[in-house]
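Dear colleague,

I am passing on the structure below, and I would be glad if you kept it open beside you while you read my notes on it.

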Amino acid sequence: MPLLQARSLTKRFGGVTALDGLDLSIEAGDVVGVMGPNGAGKSTLLKTLLGEIRPDSGDVLLDGKSVLGWPTYKVARAGVALANQVPRPFMRLSVEQNVHVGSLARGERLRDVDVLELCGLADKSKRPAGSLGLLDLKRLEMARALSLHPRVLFLDEVGAGLVAHEIEQMIDIVKKVHAEGVALLVVEHVETVIRELATRVIVIDWGKVIAVGTPDEVAADPQVRTIYLGEAASGVRTEERHRKESVEAPLLELCGVSARYGKAVALEDITLRVQPGEVVSVLGANGAGKTTMTRVITGLLPAACGEVRMSGEVVNALPPHRRLTRGVACCHEGRKIFGELSVQENLLLGGYTLEKSSRSSRADELCDMFPILAQRRTQSAGTMSGGQQQLLAMARALMSNPRLLILDEASLGLSPVAVESVYDAIASIRDAGLSVLLIEQNAHRSLSIADHAYVLDRGRVTFEGPAHDLDDAERLSEAYFGAAR
């Protein structure tokens, strides 16, 4: 009998199916890895297993007994615990007090000292949690989960925000935890963590299990490679293009840029440039730092160090709306259109930097570029398909007449047909003389249109060069995942 089992879990949020008949089993002593791209359903799975979300159908069994409908504290007392991706301890309490608070949820006094020793925090037990660095906060998060003395421990992206030697230390701690007889479910984007810890890996996409096997087996699975790297565009190989030096200053330049969320390092010493008239692709798995880069460029997140330059001017001190006037526009991940407004109204809102008399004529130009929008100018944007909404988001960003358009995950969550329509639109934008910074997880499709490429891994650039240099399966895997397959 499995220790923990999920049977045919299905969960929908409106029209989105987050879990679709998903099955999962964890035996005593297992270390099961769970992988999948952004939006695959990993977080929904964890919350359902913990009792935070009730599925629309299916069941969750612990020791063969259904725990569906149990409150979360009862699931925790039964031996299921979670170490969160983002530690949220009581910052004013000491390390020891934080762990003790966690043990109280079990309803009994436990040996907190043993837990602190296991997690490498015994010598810091009296320190306030707020004085700890990220690695020690991650250790504390695990110690608080272990204070419940769980039989099954869920680890949600234990490597997120850590540098290489810190990840190695966390892996060592997790191995010690497993040696104590705790079964583990490891949800992770850092491939090294999965490879070092998991004996069995489950890959999910759109809420379904698409592959099960050892780390090597799932890494070689064609379907897994497709969801992480994307499919090649109709067999078309990337043209051999070389970056041309220009007398003009780059439209965008990052010089030694680093960024943090609290104590977590999201970008480290990034150098990148986009010149007039070129398409630059930034690739990387989910969690690599791509969206953080977008936020730094647009001013939504301040750079911890380094410079952001637009047309040669340092813009670090400029707020987002002022950066827009420097000729750089962004179409953010998730589209973020105004669903209750019409297509025309969405476009006009995107042109707020223009003179009022120019907005309608600019909207007309963009409807000529995107004919599907011309056909739906009076239609509510929320009633359009995902692909049409993405085209609207791109057109809205172009309303400001930028010289450079940043596209953050333009193909995310779209059907293959919709992806093709989006990339046809990107080609039209390029042909109109605009530069494009294409931030994508879909590697093959992105490279087919790019002149130059960068690959990010855990906030660092691991590859820079002509896009055609990555149009090779082995080289792309090496740059993308950090090791040749």
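Two strands are said to pair if DSSP finds at least two bridges between them. With that in mind, and remembering that this is a predicted model, we can begin with one pair of strands. Four bridges join β16 to strand β17 (residues 404-408), and these two strands run parallel; within the pair, C330 stands opposite I406 in β17.

This pair belongs to an open sheet of six strands, whose order is β16-β17-β18-β13-β19-β20 and whose pairing is mixed. At the edges stand β16 (328-331) and β20 (460-466), each of which has a single partner strand, so that one side of each is left without a neighbour in the sheet. From one strand to the next, the twist averages 15°.

Two of the helices are worth looking at for their buried residues. In helix α10 (residues 290-298), seven of the nine residues are buried, so the helix is largely enclosed by the rest of the structure; the buried residues are K290, T292, M293, T294, V296, I297 and T298. Just after α10 comes G299, which takes a positive phi of about 90°. In helix α3 (residues 95-104), the buried residues are V95, N98, V99, G102 and S103. Seen down the axis of α3, these buried residues fall within an arc of 140°, so they line one face of the helix.

Most residues other than glycine have a negative phi, and against that background two residues deserve a careful look. D63, although it is not a glycine, has a positive phi of about 55°; D63 is placed in the loop between β4 (57-62) and β5 (65-66), and with a relative accessibility of 39% it counts as partly exposed. N401 is likewise not a glycine and has a positive phi of about 55°; N401 is found in the loop between α15 (386-398) and β17, and it is partly exposed, with a relative accessible area of 44%.

Finally, there is the matter of enclosed space. The count comes to two cavities of 30 Å³ or more, and the second largest cavity has a volume of about 50 Å³. Which residues line the second largest cavity? They are A83, N84, P87, K138, E141, L155, D156, V158 and M170, and by class this lining has five nonpolar, one polar and three charged residues. Both α5 (134-146) and β7 (152-156) supply at least two residues each to the lining of the second largest cavity.

With best wishes

Definitions and conventions. Residues numbered from 1 in each chain as written. Predicted model: local features only at pLDDT ≥ 70, side-chain atom pairs only at ≥ 80, totals over all residues. Heavy atoms only, no water. 1 Å grid on protein atoms, 1.4 Å probe; cavity = no way out; pocket = protein on both sides within 12 Å on 5 of 7 lines; lining within 4 Å. Points joined across faces, edges and corners; volume = space filled by probe spheres on them. Nonpolar A, V, L, I, M, F, W, Y, C, P; charged D, E, K, R; others polar. Buried < 20%, exposed > 50% of the residue type's maximum accessible area, 1.4 Å probe, protein only. Arc of directions from axis to C-beta. Axes fitted to C-alpha atoms, helices over the stretch in contact; angles between N-to-C directions.
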